[in-house]
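Subject: Structure for you to look at

Hello,

Here is the structure we talked about handing over. My notes follow below it.

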Amino acid sequence: MNAAELLVRCLENEGVRYVFGIPGEETLALNEALDRSDKIQFILTRHEQGASFMADVYGRLSSEAGVCLATLGPGATNLLTGVADAQLDRAPLVAITGQAGLERVHKESHQYVDIVGMFEPITKWSTRITVADTVPEVVRKAFRLARIEKPGATHIELPEDVAGEEVDMKPLEVRRTTYPRAQDEALDQAAEMINSATAPVILVGNGVLRRDARGRPAVEALRRFVARSKIWATHTYSAKGALDSRARHSLPPVGLQRPGADLANVKELADADVVIAIGYDLVEWSPVLWNPKRDKQVVHIDITPAELDGHYQPSVEVVGELHEALDVLTERVRSRDDSRSVKGISAPRRIDDHAPIQPEAVIADLREALGPADIVVSDVGAHKVWLSRLFPTERPNTVVISNGLASMGIAVPGAIAAKLVHPDRKVVAFTGDGGFLMNVQELETAKRIGTAICVVVLVDGRLGVIENNEKRIYKKTFGTEFGNPDLVALGRAFGIAGYAVESAIDLLPTLRRALDVDGPSLVAVPWDHTANERIATAQFGRAPVTPR
Ligand SMILES: Cc1ncc(C[n+]2csc(CCOP(=O)(O)OP(=O)(O)O)c2C)c(N)n1
């Protein structure tokens, strides 16, 4: 067995089912070994960025790390964006790259760049295998580090000559890490601070969903904690579905990157004296935006200690497995007065029948067309903010958003990965026309491997969110308009069903038809970009809902 074969045995041992990537001359031995694997399916993508986004979303939604593969030089540089996305959105991902033989890595050499160095700042660990016998240790370490809290990306480089070396080693046994229970003293202090707070608010972050995806019942424990304490709870965009947005005590989400905007929207947070941050990640929504005067007391509840920030200096840190900490707190907190009116997001009704269509109408129809377990993978732009703020979400891990790196181009490859994790659910890639054309080539991948994703493209011929900010700040627009190809014809050219929506009344039936296609489909929706002016204030979702 050579080192490349051993590496593939080690991937099988980690439970890897898919490797996304593009081979090159320097990864031929790996390719050959993958071809011989009956446990792993190699999914050829059309750009390495597509492969890394697929691994990223696969890692978020499954209980295993996603794996992507590229050759040296340009293959590796193309992988970077999706790898950085996994790192900042805390998705377990292992990137594997080829490299020139060790005899030429010390000098100027064809296609040679320092890949390990390039990956270092965007991963938890980046390494080169120089001794073939270390493959089992390196692979086990890469998967373990990618998976343990906070999860993220790791990178392994396998030089061409090392890949061909003969070895006689076996994969290491996979042992799962468990996390300690939070200390009783910290739990007592937290309960005391919560019980004596005048106006506490819960701020839920993506950590809750992460633990849930790993089989820990953090979402149930959170919902019990909220129901028992009757404390108002808001959540960040990437935590959509941690709370049932229609449930009693669910506040609208927070995540606008503008000072003051969400404090005006979510007054309870503005007025809070104590913020109970649960699985909250500073990378997503900076504490300066909700604690500008540094006058709120913070109770930090997470599996890892708090990141330091002048606006986030917890009075108490409850560090331990989330559901266990929440179960104890549920016992120890008092139930509050419940008499105030009930809020939450409810799906709005269609506003009018004009085209271009209002974002509220698109969100409402998308919600109606999908079941509660179906999945939406959002791209990045104004549409992401509309979706994050207004799409009612009942179940965990049903809305996937890039909100750490916040990278355009994730939706199409991300939706392909989501469909591989959950073939029984409907999966929508929800994308602007800017982000869609960044990874449009992966439609061919979807078609080839038969993943029935539905791509909903919001067509306005501009970088909507950027233009909106230009107008707000400079009172003009610059460098944001572009032309689009005929998107339906483009879809058809890839061999996929394409639909153009003409008016709001057509939208829901068209979405339903596209979602029923037994293969990938595309729906082009004329989108009213002028509505972005009200993106920060649209509040239709604050209608009273029935207490449950
Ligand atoms: C890869 C990448 N490039 C640039 C940006 C900056 N950016 C954020 S949103 C956006 C515009 C997105 O336009 P579009 O996809 O059409 O969506 P819309 O805002 O119109 O909904 C840009 C350029 C980014 N986040 N990611």
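The ligand is surrounded by 17 residues, a residue being counted if one of its heavy atoms lies within 4 Å of the ligand. The closest are Ala382, His383, Ala406, Gly435 and Gly464. This is a predicted model, in which local features need pLDDT of at least 70 and side-chain atom pairs count only at pLDDT 80 or more, while totals for chains, interfaces and linings use all residues. Residues are numbered from 1 along each chain as its sequence is written, and side-chain values use heavy atoms, with hydrogens and water left out.

By class, the shell has seven nonpolar, seven polar and three charged residues. Here Ala, Val, Leu, Ile, Met, Phe, Trp, Tyr, Cys and Pro are nonpolar, Asp, Glu, Lys and Arg are charged, and the others, Gly among them, are polar. At least two shell residues come from each of helix H15 (382-390), helix H17 (433-436) and helix H19 (464-474); helices (H or I, at least four residues) and strands (E, at least two) are DSSP runs numbered from the N terminus.

Backbone atoms make polar contacts with the ligand (pairs of N or O atoms within 3.5 Å):

- Met408: a backbone N or O atom is 3.2 Å from a ligand nitrogen.
- Arg462: a backbone N or O atom is 3.1 Å from a ligand oxygen.
- Val465: a polar backbone atom is 2.9 Å from a ligand oxygen.

On its own the ligand exposes 590 Å², of which the protein buries 77% (Shrake-Rupley method, 1.4 Å probe).

Away from the ligand, the whole structure has 30 salt bridges, each a side-chain nitrogen of Lys or Arg within 4 Å of a carboxyl oxygen of Asp or Glu. One of them pairs Arg176 with Glu64, with the closest N and O atoms 3.1 Å apart. The two residues are 112 apart in the chain: Arg176 is in the loop between helix H7 (160-163) and helix H8 (184-196), and Glu64 is in the loop between helix H3 (48-61) and strand E3 (66-70).

Two backbone details remain. The peptide bond from Glu149 to Lys150 is cis, with omega near -20°; Lys150 belongs to the loop between helix H6 (135-147) and strand E6 (153-159). Gln111 is not a glycine, yet has a positive phi of about 60°, and is placed in the loop between strand E4 (93-99) and helix H5 (115-119).

Regards

Key
Polar contact = N/O pair within 3.5 Å; in protein donor to acceptor, adjacent residues only side chain to side chain.
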